[in-house]
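Colleague: Please take a close look at the surroundings of the ligand in this model, and then follow the chain outward from there. A plain account will do.

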Amino acid sequence: MINNRNTILFIASSLDGYIATKDDSLEWLFKVDGEGDNGYSEFYDTVDTIVMGRRTYDWIIEKEMDQFPYKNKKCFVFSKSLKGSNEYVEFIDEDIRAFVEKQKQLDGGKIWIVGGGDLLLDFLKEQLIDEFIITIAPTLIGSGIPLFKEFDTEIELELIGLRRFNQFVELHYIVK
Ligand SMILES: NC(=O)c1ccc[n+]([C@@H]2O[C@H](COP(=O)([O-])OP(=O)(O)OC[C@H]3O[C@@H](n4cnc5c(N)ncnc54)[C@H](OP(=O)(O)O)[C@@H]3O)[C@@H](O)[C@H]2O)c1
């Protein structure tokens, strides 16, 4: 069901299912010819809360510290090694189900699960993703950090949207 407090995975993947190379490079993604911002700002306007794993946070800090990209949203970083908070994010190590239930009781927009694959796996195991928007790059990178790691549950989805941004294809699913 579409709900404005849904958890939503919005992520880009290579055609062979990787979100980054083994050494965390996204060069293969940035060089693809898209169209406009490939639907990003339209999606971003629906989001109120942002959730990511510590390795994704490290990547953002390394690449974009001068311009932290999510300044105007509530931003949580799951980590067992980092504690507390800073100007931009709060580090948390909570049971993810309890976290999501608590967030959904608050008013606001969608809860964007940024990734990466490690944190996403925990959300999938607990069936805590309501919607998926996956943007596929027309590139096979052969190896890297998988979008979907191995898990035991079957999650049936319904395709509710399909868009092309030049060389990118965006797939939008909700959980049945
Ligand atoms: N293509 C895309 O759109 C996209 C999107 C997002 C990320 N990425 C890429 O993905 C890579 C990072 O992904 P990743 O899978 O290696 O790592 P990740 O999921 O971003 O982060 C893993 C870390 O998150 C923390 N964590 C995960 N689950 C947790 C839980 N249940 N409770 C508490 N802490 C938890 C742990 O941090 P501690 O070790 O601190 O305990 C863990 O080491 C980067 O290269 C990034 O650029 C790409």
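Modeller: Sorted by class, the shell around the ligand is made up of 13 nonpolar, 7 polar and 7 charged residues. The model is a predicted one. In total, 27 residues surround the ligand, and the closest are Gly53, Lys80, Gly115, Gly116 and Asp118. Six elements each supply at least two residues of this shell: S1, S2, S3, helix H3 (54-64), S6 and H5.

Two of the closest residues, Gly115 and Gly116, share a peptide bond that is cis, with omega near -5 degrees. Gly116 sits in the loop that leads from S6 to H5. That makes H5 the natural next stop.

Helix H5 covers residues 117-125, and its buried residues are Gly117, Leu119 and Leu120. They lie on the same side of H5, because the arc they cover around the axis is only 155 degrees. The cover over these buried residues includes strands S1 (7-14), S2 (18-20), S3 (47-53), S4 (74-78), S6 (110-115) and S8 (145-146). Just past the end of H5, Gln127 takes a positive phi of about 50 degrees.

Several of these elements also take part in the nonpolar interior. In soluble globular proteins, nonpolar side chains tend to be buried together. The largest nonpolar core here has 20 residues, of which Val51, Met52, Trp112 and Ile113 touch the most other members. S1, S3, S4, S6 and H5 are the elements that give two or more residues to this core. Apart from it lies another core, of 6 residues, among them Tyr18, Ile141, Ile145 and Leu147. As for Ile113, leaving aside neighbours within four places in sequence, this residue is in contact with Thr7, Ile8, Leu9, Val51, Leu120, Phe123 and Ile129. One of these partners, Leu120, is also among the buried residues of H5.

Another of the contacts of Ile113 is Leu9, and Leu9 leads on to Phe132. Phe132 belongs to strand S7 (residues 131-137). With 20 other C-beta atoms within 10 Å, Phe132 is buried, since 20 or more is what that label requires. Setting aside neighbours within four places in sequence, Phe132 is in contact with Leu9, Leu157 and Tyr173. Phe132 and Tyr173 are 41 residues apart in sequence, yet their C-alpha atoms are 5.1 Å apart in space.

Leu157 and Tyr173, both contacts of Phe132, bring in the paired strands S9 (residues 157-165) and S10 (residues 168-175). S9 lies largely in the open, because the number of its 9 residues that are buried is 0. S9 and S10 run antiparallel and are joined by 8 bridges. In one of these pairings, Arg163 has Glu170 of S10 as its bridge partner. The hairpin formed by S9 and S10 has 2 residues between the strands, and Asn166 in this hairpin takes a positive phi near 50 degrees.

From Asn166 the path goes back to the early part of the chain. Gly34 touches Phe165, Asn166, Gln167 and Phe168, not counting residues up to four places away in sequence. Gly34 and Val169 are 135 residues apart in sequence, with 9.4 Å between their C-alpha atoms. The loop that holds Gly34 runs between helix H1 (27-30) and helix H2 (40-44). Gly34 counts as partly exposed because it has 19 C-beta neighbours inside 10 Å.

Asn38 is found in the loop between H1 and H2 as well. Its phi is near 55 degrees, a positive value in a residue other than glycine. With 18 other C-beta atoms within 10 Å, Asn38 is partly exposed. A further positive phi, of about 65 degrees, is found at Asp24, which is not a glycine. Asp24 lies in the loop between S2 and H1, and with 16 other C-beta atoms within 10 Å Asp24 is partly exposed.

For contrast, consider Ser143, in the loop between S7 and S8. Ser143 is exposed, because 9 other C-beta atoms lie within 10 Å and the label applies at 12 or fewer. Ser143 and Val32 are 111 residues apart along the chain, and 18 Å separates their C-alpha atoms.

Terms used: Residues are numbered from 1 along each chain as its sequence is written. This is a predicted model: local features need pLDDT of at least 70, side-chain atom pairs count only at pLDDT 80 or more; totals for chains, interfaces and linings use all residues. Helices (H or I, at least four residues) and strands (E, at least two) are DSSP runs, numbered from the N terminus. The arc is that of the directions from the helix axis to the C-beta atoms. Two residues are in contact if their C-beta atoms, placed from the backbone, lie within 7 Å. A residue is near a molecule or strand if its C-beta atom, placed from the backbone, lies within 6 Å of it. Ala, Val, Leu, Ile, Met, Phe, Trp, Tyr, Cys and Pro count as nonpolar, Asp, Glu, Lys and Arg as charged, and the others, Gly among them, as polar. A nonpolar core is a set of buried Ala, Val, Leu, Ile, Met, Phe, Trp, Tyr and Cys residues joined through C-beta atoms within 7 Å. Two strands pair if DSSP finds at least two bridges between them.
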